[in-house]
Amino acid sequence: MWKYARARSDELFHYGVKGMKWGVRRTPEQLGHSPKVAKAGKRVILKEKSSGGEKGLKTQPSSALRKGIRSLEKRIAEHEAKLATPERFYPEWASLSEEHRQNSIIHWKKELQGFKKSIEFRNDELKNRGE
């Protein structure tokens, strides 16, 4: 019967792949794999680069686009309420500096513009699909 040899304390064991660099990740394209394919329902859609607007809208199913629009509409209503009565959402509003309050208002207005633009992109994509 055979036995394992006792390992010496100054011996180094290597369990990885010879020549492999630690912590280096390769993209599928670098490894020679074909482009990824995203499945939406029973259809197969190839990933494509976005020419403008939001990334990935062309690959989303129509139901996800509609759900996104509803979600953004809720956020728009919430932000408009914040702009109308910020004290209701932030009890410490009166104690904030004037600069902080103005910056918050500017931020909420920019977010509103972004939400509206997002809805516009989603509506355009639905129109392109004929829905």
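In the predicted model, helix α1, spanning residues 62–84, packs against helix α3, spanning residues 98–128, with the two axes 9 Å apart and at an angle of about 160°. Because angles over 145 degrees count as roughly antiparallel, α1 and α3 are described as roughly antiparallel to each other. The crossing formed by α1 and α3 is left-handed. When the residues in the contact of α1 with α3 are sorted by class, 11 are nonpolar, five are polar and 10 are charged.

Within helix α3, Ser-118 is assigned to the buried class, since its relative accessible area is 11% and the cut-off for burial is under 20%. Leaving aside residues up to four places away in sequence, Ser-118 touches Glu-54 and Leu-72.

Turning to the aromatic side chains, a pair of rings is described by the distance of the centres and the angle of the planes. Under the rule applied here, the count comes to two aromatic pairs. One of these is formed by Tyr-90 and Trp-108, whose rings are stacked, with 5.7 Å from centre to centre and 15° between the planes. Tyr-90 is located in the loop between α2 (86–89) and α3, whereas Trp-108 belongs to helix α3, so that this pair ties together parts that are 18 residues apart in sequence. With regard to solvent accessibility, Tyr-90 is partly exposed, having a relative accessible area of 28%, while Trp-108 is buried, with a value of 6%.

Trp-108 also takes part in an aromatic pair with Trp-93, which is likewise stacked, the centres lying 5.7 Å apart and the planes being inclined at 20°. The planes of this pair meet the criterion for stacking because their angle of 20° falls under 30 degrees. Trp-93 lies in the loop between α2 and α3, and its partner Trp-108 in helix α3, so the pair ties together parts that are 15 residues apart in sequence. Trp-93 is classed as buried, its relative accessible area being 6%.

Taken together, Tyr-90, Trp-93 and Trp-108 form one aromatic cluster. In this cluster, the ring of Trp-108 is stacked with that of Tyr-90 and with that of Trp-93. The cluster thus includes the partly exposed Tyr-90 along with the buried residues Trp-93 and Trp-108.

Conventions
Residues are numbered from 1 along each chain as its sequence is written. This is a predicted model: local features need pLDDT of at least 70, side-chain atom pairs count only at pLDDT 80 or more; totals for chains, interfaces and linings use all residues. Side-chain values use heavy atoms; hydrogens and water are left out. Axes are lines fitted to C-alpha atoms, for helices over the stretch in contact, and angles run from 0 to 180 degrees between N-to-C directions. Helices (H or I, at least four residues) and strands (E, at least two) are DSSP runs, numbered from the N terminus. Angles under 35 degrees count as roughly parallel, over 145 as roughly antiparallel, 65 to 115 as roughly perpendicular and the rest as oblique. A crossing is left-handed if the near helix is turned anticlockwise from the far one by less than a right angle, and right-handed if clockwise. Ala, Val, Leu, Ile, Met, Phe, Trp, Tyr, Cys and Pro count as nonpolar, Asp, Glu, Lys and Arg as charged, and the others, Gly among them, as polar. Rings of Phe, Tyr and Trp (its six-membered ring) pair if their centres lie within 6.5 Å; planes under 30 degrees apart count as stacked, over 60 as edge-to-face and the rest as tilted. Buried means under 20% relative accessible area, exposed over 50%, partly exposed in between (1.4 Å probe, protein chains only). Contact means heavy atoms within 4.5 Å.
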